[in-house]
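Here are my notes on the model you sent. Please read them with the structure open and check each point against it.

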Amino acid sequence: MTALRVITSEGADTFLDAATVQDFAARLRGSLLRHGDGGYDEARKLFNGMIDHRPALIARCAGAADVIAAVQFARQHDLLVSIKGGGHGVAGKAVCDGGLMIDFSRMKSIRVDPTERTVRAEPGVLGAELDRETQAFGLATPVGTVSTTGIAGLTLGGGQSWLASKYGFAIDNLRSVDIVTADGTLRTASATQQEDLFWAIRGAGHNFGVVTSFEYRLHPVGPVLGGLVIHPLSQAVEVLRFYREFSVSQPDELQTWAGILTLPDGNPVVALAPCYVGSLEEGERLLSPLRRFGTPIADTVAPLPYVAMQQIFDAAFPPGRLNYWKSALTSHLADEVIEASVEYARKLPSPFTVILFAELHGAYSRVGKTETAYFHRDLQYDAIILSGWTDPADTQRNIGWTRELFAAWEPHLARAAYVNDLGDEGEDRARSAYGGNYARLVALKTKYDPTNLFRMNQNIRPTV
Ligand SMILES: Cc1cc2nc3c(=O)[nH]c(=O)nc-3n(C[C@H](O)[C@H](O)[C@H](O)COP(=O)(O)OP(=O)(O)OC[C@H]3O[C@@H](n4cnc5c(N)ncnc54)[C@H](O)[C@@H]3O)c2cc1C
C-alpha cells in the first residue's frame with residue numbers, strides 16, 4: 001500500500017504513510033474504508049444527490065471507543081473531519097472531500113425502558129427505526145416527519161415533528177448524550193453533568209463533538225388522526241389564507257402543515273396535512289372546519305397508527321435526487337408570501353418540488369429562547385422551498401427558480417433560519433439560525449473545540 005493523500009483541516013494537501021493508516025485500522029473494532037474498498041461508495045452516499053464527496057478514509061465505527069480513536073487520529077494528523085449520521089443534511093456536510101469521515105451506519109442499537117419511559121439510541125438510527133421500537137411499547141419521542149431521516153443530525157439541530165406542539169422538539173425530550181469532544185474525551189452531558197455542553201448541543205450540537213448515544217424521554221402516543229386534505233392549485237390562495245387563520249388557534253394536540261406539491265398524475269395542488277395527537281373524537285371535532293373548507297378533491301384524514309403518520313411523506317423524498325432548499329422562519333404568513341408561492345407554483349420547474357409551511361406552537365414555544373441553544377421559539381412557521389429534480393441538466397433552472405421565489409419571500413420573513421434546513425449558504429445564514437444565542441455559542445465553541453476540529457456543519461467559529 002502506498003502513502004495516502006489526505007486533506008488537512010485547513011484544506012491543504014498532505015500524505016499519510018501506509019503504516020500509519022494500517023495502525024489506525026488496527027485500533028478500530030469497526031472497519032476503515034478507502035476508495036476501492038467494498039462499501040466505500042455506499043458509505044459516502046447522501047440523501048442529496050448534488051453532493052459527491054470522497055473522503056480519504058471512512059471510519060465505520062462500532063462503538064464509542066472507535067469514535068475516540070478516530071477523533072484522536074484526526075487531531076494527531078490535523079485531518080479534515082466529518083460525521084455522518086443518517087446522511088439527510090441537505091448541505092451535505094456529513095461527507096468531507098479528502099479527510100476522515102466518521103460513519104455511524106453500523107451503530108444502530110436501541111433500548112427502550114418502558115418503566116422509566118426512556119429510550120437510548122445510537123447515532124446511526126433512523127427515525128423509522130426508533131419509532132418502530134418505541135411504538136412496540138405504545139410510546140414515542142419526537143424525531144421528524146420523514147422516517148428515513150437520521151435521528152442524530154435532526155436532534156442536534158432541534159428536531160421538528162408532529163409531536164412538537166404537544167411535547168416540544170427532539171431536544172426538549174433529550175435527557176442526556178454521550179459525546180466525544182475535540183480533545184478526544186468521552187463525556188456524558190445532561191441537565192446535571194456538563195450542563196453548558198448539554199445546553200449547546202440542544203440546537204447547535206453538530207459543532208461540539210461526536211455524539212455516540214442519545215437518551216430521550218418517551219410519551220404514550222397513538223393512534224393519531226392525520227392525513228391530507230387536497231385542493232386544486234386554483235384554490236391555493238384561499239386555502240393558504242384559511243390555513244393561516246386555522247393554524248393560529250390550534251390546541252397543543254393539533255398541528256397542521258400546508259404545502260404546494262404535484263400529484264403523481266402531474267397536477268399541482270395545495271394540501272393541508274393535519275395531525276391530531278389525542279382523543280380521536282376530539283380530533284374529529286377540531287378538524288371538521290378544516291375538512292369542510294372549500295371543495296377538496298381528496299381527503300385522506302383518518303385514524304392512523306403513529307408510524308404510518310410518520311411515513312406519509314416518505315415517498316415524496318426518496319434518496320439520491322438533486323436537492324436545493326431555501327428556508328426561513330416567520331411569526332406570520334404574510335399575504336405576499338402566500339401570493340408569491342402560488343405565482344411561482346404555476347411555473348414549477350420540477351414535479352418533485354414542494355413549497356412547505358411547517359407550523360409549530362404549544363410546548364415548542366413555551367421553552368425559553370435561551371433555555372437551549374435553539375433560539376427561535378417565538379417564530380411559528382418554518383417556510384421552506386424544497387426543490388428536487390433528477391436531471392443534472394435542469395440544475396440551473398431549478399436553483400434559479402428557488403432563489404427567485406425565496407427573494408420574493410425574504411422581505412416578509414424573519415432573518416432567522418432552522419439550522420437543519422440550511423444548505424451551504426455561508427456564515428450569515430448559519431448565524432441567523434443561532435440568533436441571540438450566538439455569542440454564548442462562540443464562547444462554548446472556544447472552550448470545547450478551540451481549533452474548530454468540527455467544522456463540517458453550520459459552523460460556529462471559535463475565537464482563538
Ligand atoms: C427528506 C427530509 C425530511 C426532513 N424532515 C425533517 C423534519 O421533519 N424535522 C426536522 O427537524 N428536520 C427534518 N429534516 C432536516 C434534518 O433534520 C436534517 O437533514 C438532519 O441533518 C438529518 O440528520 P442526519 O443524521 O440524517 O444528517 P447527516 O447528514 O448525517 O448530518 C447532518 C449534520 O449533523 C452532523 N452529525 C451527524 N451525526 C452526528 C453525531 N453523531 N454527532 C455530532 N454531529 C453529527 C453532521 O456532521 C452534519 O453536520 C429533513 C431532511 C430531509 C432530507
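1. Start with aspartate 78, which sits in the loop between α3 and β5. This is a predicted model, and in it aspartate 78 has a positive phi of about 50° although it is not a glycine. Most residues other than glycine have a negative phi, and most peptide bonds are trans.

2. The peptide bond is the other item to look at. Between glycine 222 and proline 223 the bond is cis, with omega near -5°. Where is proline 223? It lies in the loop between β13 (219–220) and β14 (224–226).

3. Next, the mixed sheet. Four strands make up this open sheet, in the order β3-β4-β6-β5, and the pairing is mixed. Its edge strands are β3 (31–33) and β5, each of which pairs on one side only. From one strand to the next, the twist averages 20°.

4. Within that sheet, follow the pair β5 and β6. The two strands run parallel, and four bridges join β5 to β6, which covers residues 100–103. To find the register, take serine 82: its bridge partner in β6 is methionine 101.

5. Two helices should be viewed together with this sheet. Helix α1 (residues 18–26) packs on the sheet and touches β3, β4 (57–60) and β6. The direction of α1 makes about 145° with that of β3. Helix α3 (residues 64–76) lies across β4, β5 and β6, and runs at about 170° to β6. The loop that holds aspartate 78 lies between this helix α3 and strand β5.

6. Now the antiparallel sheet. Which order do its strands take? Five strands form an open sheet in the order β7-β8-β12-β10-β11, with antiparallel pairing. The edge strands here are β7 (110–113) and β11 (186–190), each pairing on one side only. The twist averages 15° from one strand to the next.

7. One pair of this sheet can be traced residue by residue. β7 and β8 (residues 118–121) pair in the antiparallel sense over four bridges. Isoleucine 110 stands opposite alanine 121 in β8. Helix α4 (residues 127–135) lies across β7, β8 and β12, and its run is at about 30° to β7.

8. How many residues surround the ligand? There are 33, and the closest are Gly85, Gly87, Thr145, Gln160 and Tyr418. By class, the shell has 15 nonpolar, 16 polar and two charged residues.

9. Three distances to oxygen atoms of the ligand can be checked directly. A ligand oxygen is 2.5 Å from an N or O atom in the side chain of threonine 145. At glutamine 160 the partner is a polar backbone atom, 2.8 Å from a ligand oxygen. A polar backbone atom of glycine 153 is 3.0 Å from an oxygen atom of the ligand. On its own the ligand has 950 Å² of accessible area, and the protein covers 96% of that.

10. Finally, place the shell on the fold. The elements that give two or more residues to the shell are β5 (81–84), α5 (151–157) and β12 (210–217). The largest share, four residues, comes from α5. Strand β5 is an edge strand of the mixed sheet, and β12 stands between β8 and β10 in the order of the antiparallel sheet.

Methods:
Residues numbered from 1 in each chain as written. Predicted model: local features only at pLDDT ≥ 70, side-chain atom pairs only at ≥ 80, totals over all residues. Heavy atoms only, no water. Near = heavy atom within 4 Å. Polar contact = N/O pair within 3.5 Å; in protein donor to acceptor, adjacent residues only side chain to side chain. Areas by Shrake-Rupley, 256 points an atom, 1.4 Å probe, with all protein chains shown as cover. Nonpolar A, V, L, I, M, F, W, Y, C, P; charged D, E, K, R; others polar. Pairing = 2+ DSSP bridges. Axes fitted to C-alpha atoms, helices over the stretch in contact; angles between N-to-C directions. Contact = heavy atoms within 4.5 Å.
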